[in-house]
Amino acid sequence: MRTFNVAGPDLQVPKRMRIGVLAALVLAFLAATGATYMGAARLFETQAASVARSQHALYLRSLNQAFEQHQHLPFVLSQNPDISRRIADGDMQYLNGVLEEFAAASGLEAIYVMTLDGDVVAASNHASAGSFLGQNYGFRPYFQGAAGGARSDYFAIGATTGRPGYFVAEPLHARTGDLIGVIAIKLDISELQHAWEERGEHVLATNADGIVVLASDPAWLYHAISDLDPDRRAEITRSRQFGRQPLEALAWETMDDNRVTLLGETYAITSGRTVLLNWSVHYLTPEATFLRQTLFATAIIGALIAVLIGFAAFVRSRRIEAALALSQRHRQELVEANALLVNAQNELAQSSKLAALGQLAASVTHELGQPISALKNHLFAAEIGNEITSKETLGSLHRLVDRMEAITKQLRFFARRPQDEMEAIDIATVVSEALGLLQHDFEAAGVDIHWTAPDTPFVAQGNQLQLEQAMVNLLRNALDASKGEANARITVDCVRAEGRLKVRVLDSGPGLEGQSIEALQEPFFSTRSSGDGMGLGLAITTEIIRAHGGALSAQDAPEGGAVFEISLPDAREGEK
């Protein structure tokens with residue numbers, strides 16, 4: 001068959017053109033990737049800003065609600081005449097109980113009453129270890145404002161408890177209208193601080209002086225994000241607003257375009273002020289967050305662009321190779337068709353050979369059947385009449401006649417096809433019957449048989465007598481191969497695999513000696529000496545197994561000898 005090379009100088013792309021195309025593809029890829037990066041950066045930054053505004057509003061609202069929740073309670077208590085009367089009467093024990101009930105009902109850390117000197121004379125926490133009773137808070141700005149006759153609020157670290165809190169104070173007046181003291185509440189904001197920490201976001205609140213009073217990171221607390229005036233620092237120290245905190249500067253730098261740097265990391269910032277105390281709440285979004293998203297999206301889309309460009313180049317190259325691929329495909333189809341034709345010819349030749357063998361067998365069995373029967377009758381008559389005096393001669397003649405009759409029986413298998421119906425049979429029964437028929441032959445030859453029947457039935461659709469004949473043929477071959485061998489043995493076993501029933505016959509003979517199963521299945525092929533058989537056993541066995549939808553295979557066993565395997569369809573798998 002002639003082949004043609006379609007590749008040649010005409011299909012070669014000029015080098016300068018290839019470089020130009022490659023450069024254009026690279027530039028297109030870089031431009032598309034750059035545009036993707038810019039668009040993704042703007043998109044993710046916009047999304048991050050939207051999320052930041054939503055989260056910032058949530059934090060700001062929660063802080064405002066915490067401050068506003070108990071704003072009016074000091075005023076309400078200051079208007080209670082019973083409290084003023086108890087103070088005037090000096091009944092502090094009763095007043096302590098009343099304040100304790102109010103604090104428990106409202107969830108406040110403490111409610112307490114101070115004299116105009118700042119001494120605490122009644123407190124809701126009178127029974128606790130950190131009681132305010134006997135303490136003097138005259139230095140606190142919230143007390144000073146209320147003692148001056150006006151409502152006052154304040155944030156500070158507790159001088160007694162050391163916990164930060166929000167203080168609201170109202171002046172107390174007697175029935176006569178005289179100012180007799182101050183009543184104050186303390187709202188513990190440590191729970192709010194813990195809540196911010198647990199959310200794991202970046203948020204902080206600063207007071208009017210720029211000092212961090214709440215933060216998601218405790219390390220930021222009580223640091224200043226801007227420079228403190230010395231006079232203001234001294235005033236904060238005198239009021240002990242932040243206890244002994246040094247109020248160090250936080251590594252905070254404001255940048256343009258709503259950006260800040262905190263401890264060396266850049267954030268987008270969203271800020272807003274509270275209704276009370278003039279605090280600022282700052283929600284920080286790490287710039288690295290949407291930068292990673294941008295890079296990831298750019299990488300994905302860039303990879304997609306690269307794939308598309310590569311695919312375009314691939315399609316272009318495939319067009320160039322189309323003619324060669326078509327030619328190669330046609331050639332492969334021709335080779336496959338030729339192989340199918342050769343197989344068909346082989347099968348036809350085999351069928352023709354078997355058909356010719358059938359015609360020959362029919363003719364031979366017809367022509368020899370009656371003469372052999374007549375010869376047997378003559379031998380019996382001669383034996384009865386003592387016409388043949390030599391017993392050895394008579395025995396030889398009987399054996400020759402029996403052999404000729406056995407040959408015609410073997411040929412009769414090819415002369416006609418058995419038409420017996422198929423039925424469900426147990427393969428283990430077939431093997432046992434075949435072994436029983438040959439038991440005396442095995443014992444006479446000194447060959448050990450190893451056969452273990454399977455625990456479960458091995459059911460196949462077939463003809464009992466035909467399968468027994470096939471099994472007997474295989475066992476006879478194994479017996480002939482094992483004769484004369486030291487420790488001669490034959491092993492028979494059954495296995496089930498992949499919906500098939502497999503019967504294996506392993507002998508201890510010399511093996512296949514390089515012969516293929518196809519050669520062994522040929523009629524009249526035999527490795528035995530002349531006179532030991534016609535070589536029809538495997539041919540008959542093959543035809544029987546094939547008629548049952550099975551197959552016969554053979555190979556040399558790893559430990560020596562040959563193993564023949566019959567494979568039949570499992571009837572139970574068919575039922576499933």
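**Entry 1: the largest cavity**

I started with helix α12, which gives the largest share of the lining of the largest cavity, 3 residues. Before going further I noted that this is a predicted model. I then asked how many cavities of 30 Å³ or more the structure holds. I found 2 of them, and the largest has about 70 Å³ of space.

Next I wrote down who lines the largest cavity: Ile427, Val430, Leu467, Ala470, Met471, Val503, Ile545, Ile566 and Leu568. Three elements give two or more residues to this lining, namely α10 (427-437), α12 (464-482) and β18 (562-569). I sorted the lining by class and counted 9 nonpolar residues, with no polar and no charged ones.

**Entry 2: the second largest cavity**

I moved on to the second largest cavity, whose volume is about 60 Å³. Its lining is made by Tyr112, Phe132, Tyr137, Arg140, Tyr142, Gly158, Ala159, Thr160, Thr161, Phe167 and Lys186. Which classes do the residues of this lining divide into? I got 6 nonpolar, 3 polar and 2 charged residues. I set that beside my note on the largest cavity, where the lining has no polar and no charged residues.

**Entry 3: a nonpolar patch on the surface**

From the cavities I turned to the surface. I found a nonpolar patch of about 400 Å², made by Leu22, Val26, Leu27 and Leu30. I picked Leu30 for a closer look and placed it in helix α1, which covers residues 15-68. Is Leu30 buried or exposed? Its relative accessible area is 51%, and exposed means over 50%, so Leu30 counts as exposed.

**Entry 4: two positive phi angles**

I looked up backbone angles next and stopped at two residues. Leu263 has a positive phi of about 55 degrees, although it is not a glycine. I traced Leu263 to the loop between β9 (259-262) and β10 (265-273). With a relative accessibility of 56%, Leu263 is exposed.

Glu498 gave me a similar note: its phi is near 55 degrees, a positive value in a residue other than glycine. Where does Glu498 lie? I found Glu498 in the loop between β15 (489-497) and β16 (500-507). Glu498 is exposed too, at 79% relative accessibility.

**Entry 5: a salt bridge within one helix**

Side chains of opposite charge can pair when their charged atoms come close. I therefore looked for such pairs here, and the structure holds 16 salt bridges.

I opened with Asp82 and Arg86, whose side chains meet in a salt bridge at 3.5 Å, N to O. How many residues apart are Asp82 and Arg86 in helix α3? They are 4 residues apart in that helix (residues 81-89), so about one helical turn separates them. I checked cover as well: Asp82 is partly exposed at 21%, while Arg86 is buried at 18%. The cut-off for buried is under 20%, so the two partners fall on either side of it.

I also saw that this pair belongs to a network of salt bridges, which links Asp82, Arg85, Arg86, Asp89 and Asp91.

**Entry 6: salt bridges across the chain**

I then followed Arg163, which forms a salt bridge with Asp188, the closest N and O atoms being 3.7 Å apart. This pair links distant parts of the chain, 25 residues apart. Arg163 sits in the loop between β3 (152-157) and β4 (164-173), and Asp188 in strand β5 (residues 179-188). Arg163 is partly exposed at 36%, and Asp188 is partly exposed at 24%.

My last stop was Asp570, which forms a salt bridge with Arg496, with 2.9 Å between the closest N and O atoms. Which parts does the pair tie together? Asp570 lies in the loop between β18 and α15 (571-575) and Arg496 in strand β15, so the bridge ties together parts that are 74 residues apart in sequence. I recorded Asp570 as buried, with a relative accessible area of 4%. Arg496 is partly exposed, at 36% relative accessibility.

I noticed that two elements here were already in my notebook. β18 gives two or more residues to the lining of the largest cavity, and β15 stands before the loop that holds Glu498.

Definitions and conventions. Residues numbered from 1 in each chain as written. Predicted model: local features only at pLDDT ≥ 70, side-chain atom pairs only at ≥ 80, totals over all residues. Heavy atoms only, no water. Patch = residues over 30% accessible without salt bridge, like charges linked within 9 Å, V, L, I, M, F, W, Y side chains within 5 Å. Areas by Shrake-Rupley, 256 points an atom, 1.4 Å probe, with all protein chains shown as cover. Salt bridge = Lys/Arg side-chain N within 4 Å of Asp/Glu carboxyl O. Buried < 20%, exposed > 50% of the residue type's maximum accessible area, 1.4 Å probe, protein only. 1 Å grid on protein atoms, 1.4 Å probe; cavity = no way out; pocket = protein on both sides within 12 Å on 5 of 7 lines; lining within 4 Å. Points joined across faces, edges and corners; volume = space filled by probe spheres on them. Nonpolar A, V, L, I, M, F, W, Y, C, P; charged D, E, K, R; others polar.
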